[in-house]
Amino acid sequence: MAGGATQSAEQVVNVTLRVLVDKARKKVVYAEAEKDFVDVLLSFLTLPLGTIARLVSKESNIEAVKFNSISSLYQSVSDLKEEYLWNKACKEMLIKPGNSMEAYCHQLKLNIDETEPLQYLCEYPFCRLVRNSWSIFYKQKCKCGMLFNSGPVVIDDMTCVPDGFVKETASFIIRDDLYVMPNHLRTSVCLLKKHGINDLANTEKKTLLITKKEVVDLLKLSLLSKTPITDFILKNKNFLCNSNPKFQSKIRIGKDLPSDSDEAKKNMVVILMVRKSNTKVLFATAEEDFADFLFSFLAFPLGVLQMLEGLSSLSSIDGLYRSMTELNLKNKLCSPGIFPTFQLRNQILPIGTSELSYKLNGKLLNYDDPKPTLSGGYVRGPLTILVTDDLVVTPISSIDAVSYLEKLKVPLDDLKEMVISIGVKEGLSILKASSTTTCALTNGLKPYIGSKPVRANSTSNAALTDIPSYNLKKPKVENEA
Ligand SMILES: [Zn+2]
């Protein structure tokens, strides 16, 4: 390439991908790759949802795309004034969520998570000696009152960091939906048959050198297309059309859920403004606990969505998850957790924190949580928020809610106010809907408000009188009989 001398070494790094294309049907039959490419694919599962929203919002070879409602949620945090959060670090955390498997990802040939893994120590020598706490945020306030401004330090002992996710020597076959299998002749023959190919003359072999920019292309396609490799190789422009926007509200949760009675005390109360004619949630109003809950999604690694089986439109990510069983992987990827300190104290979802044991000069480092101990969340309360169906979160006053309603131009007699209590099931359903659709509240809460409203207005045209009540304190939730 001309002008190559000005390129940084990083841009030149690439990994090899070989593909077999069905010439007549213009489809990829399968791809073949070694460890370095498969590790890059599997690393998608380690990316926090907020990081994905940030990565896909930039142009690569493919235009910027939206990661469904997660993208609007991420944008809301970026736009949120710092005064609504407890401190500057709270905002930084949500905009640049930590990757609990960064140690793995930094060994990858192509690592797209550019979040800086810098570590800072407290400036107070006595505190360093006694507490050995560190922060990933420069100049964040330490619990001792001084600042984390010593460093960045290089963590010299990352305990037991394996070299990537799959075995060095292995070779792999990757299906168009990103399902990865060990490379056996019978697997390729099986895939050829499945594509109705009897004569290899009808196929074409291509070898590609994949760059970092193209990994971002693949990430975008893996979220939006059911045939990401075909769309990537053949540079299909209409990949958005072949994604399936139909949301399956049914959730099959792979884990045992905490029982509702245990969790009842943590439930959040949300007031929904629903359109009666089509049961569409126009917006919701809630307090800071619900804002914290939604924002906490941004720190979840993509891999946690595996507990919500059948991700419909994220089918290629489903393919990647299922590969872990096929490849018999038994590493941290199988039960991904949140980066330490990113957990909400009142998190209702059964998603845990990853254990990281970083050492500096032989001493175990303690993670400093910038969130205030008492609240354990990011958002400074008391605060009333308005949340759109697409998860745009904004702090509001009651007047804002009325003017927002005006903008929507919905006949007032078509409006219905509902109060719903968000527990584990509702919460997981919103999480699933937010990563697979742009109507996170409508789709996520449909099973809970559709036929059996938690509380509807007593008279059908009383909606208007209820509108100016958004500055109210937590309303009472009527229990379903
Ligand atoms: Zn300190």
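## A tour of rings, charges and strands

A search of the whole structure turns up seven aromatic pairs. Before you start clicking, keep in mind that this is a predicted model.

**Stop 1: the aromatic pairs.** Select Tyr124 and Phe126. Their rings form a tilted aromatic pair, 6.2 Å centre to centre with 55° between the planes. Is a plane angle of 55° stacked, tilted or edge-to-face? It counts as tilted, because stacked needs planes under 30 degrees apart and edge-to-face needs over 60. Turn on the surface for Tyr124 and you are looking at a partly exposed residue, at 36% relative accessibility.

Now move along to Phe297 and Phe300. This aromatic pair is tilted too, with 5.9 Å centre to centre and 35° between the planes. Are these two rings in buried or exposed residues? Phe297 is buried, with a relative accessible area of 0%, and Phe300 is likewise buried, at 0%. Keep both selected and add Phe290 and Phe293: ring pairs link Phe290, Phe293, Phe297 and Phe300 into a cluster.

**Stop 2: charges over rings.** Next, select Phe232 and Lys235. Lys235 lies over the face of Phe232, at 5.8 Å from the ring centre. Then go to Tyr378 and bring in Lys371. Here the charged end of Lys371 sits over the tyrosine ring, 5.2 Å from its centre.

**Stop 3: salt bridges.** Side chains of opposite charge can pair when their charged atoms come close. In this model the count comes to 11 salt bridges.

A good place to begin is Arg18, so select Arg18, Glu32 and Glu34, which are linked in a network of salt bridges. Glu32 forms a salt bridge with Arg18, and the closest N and O atoms are 3.7 Å apart. This pair links distant parts of the chain: Glu32 is in strand β2 (residues 27-34) and Arg18 in strand β1 (residues 15-22), 14 residues apart. Arg18 also forms a salt bridge with Glu34, with the closest N and O atoms 3.6 Å apart. Because Arg18 lies in strand β1 and Glu34 in strand β2, that pair ties together parts that are 16 residues apart in sequence.

Colour the three by accessibility while you are there. Arg18 is partly exposed at 29%, Glu32 is partly exposed at 23%, and Glu34 is partly exposed at 35%.

For another setting, select Lys35 and Asp39. They form a salt bridge whose closest N and O atoms are 2.7 Å apart. How many residues apart are they in helix α2? The answer is four, so about one helical turn separates Lys35 from Asp39 in helix α2 (residues 35-43). Both Lys35 and Asp39 are buried.

**Stop 4: a four-stranded sheet.** Switch to a cartoon view and highlight β5, β3, β4 and β16. These four strands make an open sheet in the order β5-β3-β4-β16, with mixed pairing. Which strands are at the edges? They are β5 (150-153) and β16 (366-367), each of which pairs on one side only.

Finish by selecting strand β3 (residues 119-121) and strand β4 (residues 133-135). They run antiparallel and are joined by two bridges. To pick out one position, label Leu121 and look across to β4, where its bridge partner is Trp134.

Key
Residues are numbered from 1 along each chain as its sequence is written. This is a predicted model: local features need pLDDT of at least 70, side-chain atom pairs count only at pLDDT 80 or more; totals for chains, interfaces and linings use all residues. Side-chain values use heavy atoms; hydrogens and water are left out. Rings of Phe, Tyr and Trp (its six-membered ring) pair if their centres lie within 6.5 Å; planes under 30 degrees apart count as stacked, over 60 as edge-to-face and the rest as tilted. Buried means under 20% relative accessible area, exposed over 50%, partly exposed in between (1.4 Å probe, protein chains only). A charge sits over a ring if NZ of Lys or CZ of Arg is within 6 Å of the ring centre and within 35 degrees of the ring normal. A salt bridge is a side-chain nitrogen of Lys or Arg within 4 Å of a carboxyl oxygen of Asp or Glu. Two strands pair if DSSP finds at least two bridges between them.
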